[in-house]
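Work through the exercises below with the sequence and the 3D structure open. Each task is followed by a solution in steps.

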Amino acid sequence: MSVLVATPRTATRWRPSTAVAYALLIALAVFYLLPMFAIVVTSLKSFNEVSRSTLWELPKAPTFEAFGSAFDVMAPSFFNSVLLVVPATILSALLGSLNGYVLSKWKFRSANAIFALLLFGMFIPYQSILIPLFQFLSAIGLYGGIPGLILVHVVYGIPICTLIFRNYFATVPRELLEAARMDGASVLGIFRHIMLPISVPGFVVVMIWQFTSIWNEFLFAVTIAQDPTQRPITVALQNLAGSLLSQYQVQMAGALLAAAPTLLVYILLGRYFVRGLLAGSLKG
Amino acid sequence: MPILMIAPSVVLIAIFVYGFIGRTAYTSLTAWRGVVPDYTFVGLRNYERLFQTEKFQADIVNTIHFTVFFLAGCLVLGLGAAVLLDQKLRGSIIFQNIFMFPLAISFIVTGTVWRWIFNPNYGLNVLFHNLHLDFLQSGWLTSPGSALNSLTIAAVWQMSGFCMAMFLAGLRGIPEELREAARVDGASESQAFRYVVFPLLRPITLSAVIILGHISLKIFDLVFVMTFGGPGYATDMPGLNMFITTFRQDLFARGAAIATVLLLMVALLIVPYLIWNLRGETER
Amino acid sequence: MGNERWSRRQFVSRAGKTAGGVVLGLSFADFLAACGASQAPAAGGGKLEIFSWWTAGGEADGLAEMFKIYKKNYAGVEIVNATVAGGAGTNAKAVLKTRMEGGKPPDSFQVHAGQELISTWVKAGKMEPITSVWKSQGWDNTIPKDLKDIVSSSGDVWSVPVNVHRGNALWYNKKILDDNSITPPTTMDDFLSALGKLKAKVQAPLALGSSGNWQVQMLLENNILAAGGPDFYKQVFSGKASFTDANVKQALSWIKSMLNYVNSDHPTLGWDDADKRLISGTSAFNIMGDWAKGYFTAASWVPNKDFGAAPSPGTTGKYVIVCDTFGLPKGAPDRANAINWIKVCGSQEGQAAFNPKKGSIPARTDVSASIFDPIAQQFIAEFKTDALVPSSAHGSATPDAFASGVNDEMGQFVINKDVNKTASNLQKLSDEFLK
């Protein structure tokens, strides 16, 4: 865990290579920010201006009109997405940590085979299983709303969460567990009292990952949450794009609103994401 | 006891992944065409037909092309950005956040924005013209020759931050002493990187390749929004083809055949990795 | 189970008309209704779920107008507006298919008139005919027979047309035409020479947005109509004439000629991006359905002052119908409410409320034209006298499987411009899907 302790920063001396490094960083930053610039600028224009100007022109008369229209449509869905993402993220993280713990620390026969079979689930193309999925959900009465969506996201989140936690727990020394076992702790007891408390960095990675992917997911959202009062935000965002007439400024304003929580998560927790990865979460 | 703890996950994955895959594979061997299910067994006929279509042949070539360039782009940009950020220059946390924020945005939004940016008449070309960089102008998505590469740029924009985060974690995980030791032995900075750092990044590179590789094989949302597969079949992908074949053309069996081929392609990438990885672990 | 609530009155009136076996199934629903009776309003009750891809703009507004009328007449019914946007209805169709396959139909859904419904859900036996509603409402007197034929098969009517869009319309920037003293062309020769005349003056005389390729398919069907006339058109799109016919090749060659005058970025543009070129003056013409009008007016362009419309070149006196309808799926959870919805869709009041917002014209011929803009008025007049043919690109003339295949073919044609190869590939699609 020593790597988690930040090495003291050496004061940056001015060297030519520093200038080059900054130049490259700025060039990269421009590449990453260019689309963001387009989104923001467009969202502040009026419909007339959007249909007459190029992408890079600043709005002549900036207006928040588009945000207003987007907000009206999206506000209820925003709440739905929260209701969906929070339990789905927590549940899949918990299941993942349990699996990761068992599969890394209790190497029973065929543990590796089970892990491989679980992991493969991460890679299936979701469109290909839509119809059986739908029939199954209808059969168990979970089609149509958020509970069904939660189930689906938890299930398809199991592989990645298991992977991350298994790799994370692999770095925990076996001796720690052996000692606890000597003291008579149970399998579950070790998990609760030893593994969970040290797995915060793993949870951060998993939760950021799951939060973002569930928040941004569209295919399941549109097919499973048929009840219009239960729609997540991505569906509302798509609904802003009319089938015949596209009001780009409203779409862009909507995109900003929809992306706000995930952007916030990355800005606030981005560094912990890297630290979590650093702590072994995604190493091969 | 440990097995009981992972039982829920195993059962869920068995149904939602393997059960549904089995059903899809079975459907691909039937005559189901039109909205009424028809489970007459026809063997591999759907596959024969499928591989004869120009569209699917184009899909296979496109997927390979896209995957190679997408991976290369993400790895190069990701590694480059990670090395720059690892210099611990002042303000690097800001740059780190900038590089990662596209991860927070959904493919739907990325697709819409980049479609505009690539518009030859009011997007990037205008910008290049204003900057007197006319030689950089291109037809982007509009010409069959450049469309796929333009799509790749947008995908790299979205996902390279993930690579960056992984490499950064990898770099920070390498003890400074190792590099120091190399320098003491008279190695130049680039030699130290090549002979000490790079080998240590290999496992993380592999993980990145696997995660990005499966995203790229399954790519759907981005193509759906950006090009819908055009011009011609220039950017068509199996995921999109399957969706259209199944849900627009009602050729359910053929759609299932595409899904099955897609799955096999993914398996080809993943299974050797899983075996290699788990074997390596037991030896360690 | 909430969907299956029935008010006592509805149940009794329905049970009277239905066979005993069904009653057994419904009596449980009735029991549930009795449990919830305290909240159930006196008139009507239950829900009505309407599925469409009208999520924004004039379409959504028009739909809301019809909902208002419905609520006025059937107070107490809770309307569930189930919309799915994206991909010009592609997402909606996918969702609808998963729902129908899973046995959870909405009460009524939007579908293009004709094959899009008949070759799928009607053929699968998942729709109820609305013939009796059609008769009881006297729609034979108010909706043209050509249109009724499109929504009928084997003696039954399957859905009610709520509007009519015109697929074969030519739009122009009036100022550019006036400045170059060009009159709106009516024949293909006039059109191509007008394009030639404008080539040096505007960036790309003909605006095209071909993202998704269906816009090129519209050019194809318009040109086939121009080259072969309505009878040939109907034959070729029902598999009775060949796509290797000289008329089809003529239609393809015309597209090839048009492509000399279009904007080079067309593969990434949607139809609305193409119309934007007219507004900015970088193009003079666009061939598109009359939903284009909604885009122009939303950008504060005035009909017949800033822009004008004419039938697409060579199709004067002919009307390509793109028509939205609503049908009645078997097992609709609120059948009685759905039937009332269908009545509203076909009513004079409903169509008068919906169409001005949607930018289409009414399917009924007895709605006052005075509430419409001048271009719609012109189209309403022509609709009454023109030969009507169903659109293939928009699902009326042919099954979706065919239209989608043609889409791909036209995407290839735009690149290789090979008339003969394309014609024979189209015939292959016809052999596979129209026989």
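**Exercise 1. Backbone outliers**

Task: Locate C:N304 in chain C, state the sign of its phi, and decide whether C:N304 is buried, partly exposed or exposed.

Solution.
- Step 1. The model is a predicted one. C:N304 lies in the loop that runs between α13 (292-298) and β12 of chain C.
- Step 2. Its phi is near 65 degrees, which is positive although the residue is not glycine. For comparison, most residues other than glycine have a negative phi.
- Step 3. The relative accessibility of C:N304 is 39%. Buried requires under 20% and exposed requires over 50%, so C:N304 counts as partly exposed.

Task: Do the same for B:D250, and find where B:D250 sits in chain B.

Solution.
- Step 1. B:D250 belongs to the loop between α11 and α12 (252-283) of chain B.
- Step 2. Phi of B:D250 is about 60 degrees, again a positive value in a residue that is not a glycine.
- Step 3. With 6% relative accessibility, B:D250 counts as buried.

Task: Which form does the peptide bond from B:G230 to B:P231 take, cis or trans?

Solution.
- Step 1. Omega for the bond from B:G230 to B:P231 is near -10 degrees, and the bond is cis. Most peptide bonds are trans.
- Step 2. B:P231 is placed in the loop between α10 (221-226) and α11 (238-247) of chain B.

**Exercise 2. A sheet in chain C**

Task: Give the strand order of the four-strand open sheet in chain C, and say which strands stand at the edges.

Solution.
- Step 1. The order is β10-β11-β9-β12 (chain C), with mixed pairing.
- Step 2. The edge strands are β10 (206-207) and β12 (307-311) of chain C. Each has a single partner strand, so one side of each has no neighbour in the sheet.
- Step 3. Strand β9 (residues 169-173) and strand β11 (residues 285-287) of chain C run antiparallel and are joined by three bridges. C:Y172 has C:F285 in β11(C) as its bridge partner.
- Step 4. For the chain as a whole, there are 18 helices and 15 strands in chain C. Of the 435 residues in chain C, 63% are buried. Among contacts in chain C between residues at least 6 apart in sequence, those joining residues at least 24 apart make up 77%.

**Exercise 3. An enclosed helix in chain B**

Task: How many of the nine residues of helix α4 (residues 92-100) of chain B are buried?

Solution.
- Step 1. The buried residues in α4(B) are B:S92, B:F95, B:Q96, B:N97, B:I98, B:F99 and B:M100.
- Step 2. That is seven of the nine, so helix α4 of chain B is largely enclosed by the rest of the structure.

**Exercise 4. Chain A and its two interfaces**

Task: What is the secondary structure of chain A, and what share of its residues is buried?

Solution.
- Step 1. Chain A has 12 helices and zero strands.
- Step 2. Of its 284 residues, 61% are buried. Of the contacts in chain A with a separation of 6 or more, 75% involve residues 24 or more positions apart.

Task: Describe the interface of chain A and chain B by contacts, area and residue class.

Solution.
- Step 1. On chain A, 90 residues are in contact with 86 residues of chain B.
- Step 2. About 8400 Å² is buried between the two chains, and carbon and sulfur atoms give 79% of that area.
- Step 3. The rule finds zero salt bridges across the interface of chain A and chain B. There are 13 residue pairs in polar contact between these chains.
- Step 4. Helix α1 (residues 16-43) of chain A contributes the most to the side of chain A that touches chain B, with 17 residues. That side of chain A consists of 67 nonpolar, 18 polar and five charged residues.

Task: Repeat the description for the interface of chain A and chain C.

Solution.
- Step 1. Here 27 residues of chain A are in contact with 34 residues of chain C.
- Step 2. The area buried between chain A and chain C is about 2500 Å², 58% of it on carbon and sulfur atoms.
- Step 3. The interface of chain A and chain C has zero salt bridges by the rule, and two residue pairs are in polar contact.
- Step 4. The elements of chain A giving two or more residues to this side are α2 (47-50), α5 (130-139), α10 (219-224) and α11 (233-240). The most comes from α5(A), with four residues.
- Step 5. By class, the side of chain A that touches chain C has 13 nonpolar, 12 polar and two charged residues.

Notes: Residues are numbered from 1 along each chain as its sequence is written. Chains are lettered from A and ligands numbered from 1 in the order in which they are written. This is a predicted model: local features need pLDDT of at least 70, side-chain atom pairs count only at pLDDT 80 or more; totals for chains, interfaces and linings use all residues. Side-chain values use heavy atoms; hydrogens and water are left out. Contact means heavy atoms within 4.5 Å. Buried area is the accessible area (1.4 Å probe) that two parts lose on being put together, summed over both. A salt bridge is a side-chain nitrogen of Lys or Arg within 4 Å of a carboxyl oxygen of Asp or Glu. A polar contact is a pair of N or O atoms within 3.5 Å; within protein, one must be able to donate a hydrogen and the other to accept it, and residues adjacent in sequence count only if both atoms are side-chain atoms. Ala, Val, Leu, Ile, Met, Phe, Trp, Tyr, Cys and Pro count as nonpolar, Asp, Glu, Lys and Arg as charged, and the others, Gly among them, as polar. Two strands pair if DSSP finds at least two bridges between them. Buried means under 20% relative accessible area, exposed over 50%, partly exposed in between (1.4 Å probe, protein chains only).
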